[in-house]
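Hi,

Here is the structure I said I would pass on. Have a look at it first, and my notes follow underneath.

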Amino acid sequence: MRFPESGHEVEAVVVGAGQAGLSGAYHLQRAGWEPGRDFVVLDGSPRPGGAWQFRWPTLTYGRVHAMNALPGMALTGADPGRPSAEVIGEYFTAYERAFGLRVRRPVRVRAVREAGDGRLRVETDAGVWTTRALINATGTWERPFWPRVPGQETFAGRQLHTARYRGPESFAGERVVVVGGGTSAVQHLLEISRVAAATTWVTRREPVFTDGPFDEERRRAAVALVAERVRDGLPPRSVVSVTGLPLTEEMRRARESGVLRRLPMFDRIAPGGVVWDDGRAVAADSIVWATGFRAALGHLAPLGLREAGGGIRLEGTRVVRDPRIHLVGYGPSASTIGANRAGRAAVRELRALLSSGSARGPAGGDGPAPAGTAEAA
């Protein structure tokens, strides 16, 4: 694909084409902004599918927790036995084509800086764009979190993170330690326990298992807790961290059999396994770090958006320090339904911003959207 020369100007740049980025692009187009002329979507991944394209093959679509359709196009008839990476990758591909979003990939955004004229300068490995607004939807997949533990570098076996997990087969006959208290850790543990010689589950905090459906009331309460941290300028926690682990029948059986028997976090790593200060030790051939991810926001560092607490303070999706920038799929909008809503909210606010004062949007400033288009909100 041929990319524009450096200095290409657009009204808005969307960084990332996962659920949140595609939602933002959809609502920009619905508001009358033309893809490729008024806004551009830049995605660092090799193909459509967002982070889903990198999920392990044994994570089938039927095991995906609460996947919500993108706005304007339902996901129907999917085989629950197929890998989620395939199902969702095909769905995102069809979505981009159906709405003509003209996603440019693979394009790596290296930095976003002030352009000096009120615009933002988006520097990529495919040229430079200048823009009046930016919707950032880079997610977390590219920033796996590895806790640092004394002796980690001495371990004689294999260490890998969820980001590189490809299924249980390579752990056959091994002694495996799985670290992490989230859904991915439990999924890895249940799979690996079927082929491994032995498994050990380690978490920093006691896991909280929850019965009953994750209904709208519980979802809203969880999102509110995550949103409160973001409003206070603190790094966001995942929604799962405040909801607990939904107790499935498979997990009940694993608890009864001892597979889901949790040990506290070990204190150090030795060449042959993990060790606690009380003298306990567990031999291991592999350690799987299912310890989550952090928001991939390094390209925004030149703008100085972080607060003293280490996070980026938001009002809704708008960055308080810079209203030209909206973070979607971040913090409280990290779920698929939250990402959809965040994309819509970001476009609503950006249209208002670009239609006021000296900023004028592609629809002709503070006038209505072009004829034949729908409002974004």
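**What surrounds helix H3**

The cover over the buried residues of helix H3 includes strand S7 (175-179), strand S8 (198-203), strand S10 (245-246), helix H6 (249-257) and strand S15 (286-289). Keep in mind that this is a predicted model. H3 itself runs over residues 183-192, and 8 of its 10 residues are buried, so the rest of the structure largely encloses it. If you want to click through the buried ones, they are Ala185, Val186, Gln187, His188, Leu189, Leu190, Glu191 and Ile192. You'll notice that Gln187, His188 and Glu191 are on that list too.

Since S15 is part of that cover, I also picked out a residue from this strand. Ser286 sits in S15, and its relative accessible area is 0%, which means that Ser286 is buried. Setting aside residues up to four places away in sequence, Ser286 touches Phe155, Arg158, Phe171, Glu174, Arg175, Val176 and Val177. Arg175, Val176 and Val177 fall within the span of S7, residues 175-179. As for distances, the C-alpha atoms of Ser286 and Thr199 are 9.8 Å apart, with their positions 87 residues apart along the chain.

**The chain as a whole**

Now for the overall numbers. The protein chain has 7 helices and 18 strands. It is 377 residues in length, and 50% of them count as buried. The chain exposes about 17,100 Å², with carbon and sulfur atoms supplying 49% of that area. What share of the contacts between residues at least 6 apart in sequence joins residues at least 24 apart? In this chain, the figure is 67%.

**H1 against H2**

Next, a helix pair. Helix H1 (residues 19-30) packs with helix H2 (residues 84-98) at an angle of about 15 degrees, and their axes are 11 Å apart. Angles under 35 degrees count as roughly parallel, and H1 and H2 are therefore roughly parallel to each other. Their crossing is left-handed. On the H1 side, the residues that meet H2 are Gln19, Leu22 and Tyr26; on the H2 side, they are Phe92, Tyr95 and Glu96. Sorted by class, that contact is made of 4 nonpolar, 1 polar and 1 charged residues.

**Val41 and Arg37**

These two are worth looking at side by side. Val41 belongs to strand S2 (residues 39-42), while Arg37 is placed in the loop between H1 and S2. Which of the labels, buried or partly exposed, goes with Arg37? Arg37 has 47% relative accessibility, so it counts as partly exposed. Val41, by contrast, has 0% relative accessibility and therefore counts as buried.

Their contacts are listed here without neighbours up to four places away in sequence. Val41 touches Val14, Gly16, Ala17, Ala25, Leu101, Arg102, Val103 and Arg104, whereas Arg37 is in contact with Glu9 and Val10. One of the Val41 contacts, Ala25, is within H1, residues 19-30. For C-alpha separations, Val41 and Val13 are 6.0 Å apart at 28 residues along the chain, and Arg37 and Ala12 are 9.6 Å apart at 25 residues along the chain.

**Backbone oddities after H2**

Last, some backbone geometry to check on your screen. Most residues other than glycine have a negative phi, and most peptide bonds are trans. Arg102, one of the residues touched by Val41, has a positive phi of about 55 degrees even though it is not a glycine. Arg102 is in the loop between H2 and S3. Pro106 is also in the loop between H2 and strand S3 (109-114). The peptide bond that joins Arg105 and Pro106 is cis, with omega at about -10 degrees.

Shout if anything is unclear when you open it.

Cheers

Methods
Residues numbered from 1 in each chain as written. Predicted model: local features only at pLDDT ≥ 70, side-chain atom pairs only at ≥ 80, totals over all residues. Heavy atoms only, no water. Axes fitted to C-alpha atoms, helices over the stretch in contact; angles between N-to-C directions. Helix = DSSP H or I, 4+ residues; strand = E, 2+ residues; numbered from the N terminus. Parallel < 35°, antiparallel > 145°, perpendicular 65-115°, else oblique. Left-handed = near helix turned anticlockwise from the far one by under 90°. Contact = heavy atoms within 4.5 Å. Nonpolar A, V, L, I, M, F, W, Y, C, P; charged D, E, K, R; others polar. Buried < 20%, exposed > 50% of the residue type's maximum accessible area, 1.4 Å probe, protein only. Areas by Shrake-Rupley, 256 points an atom, 1.4 Å probe, with all protein chains shown as cover.
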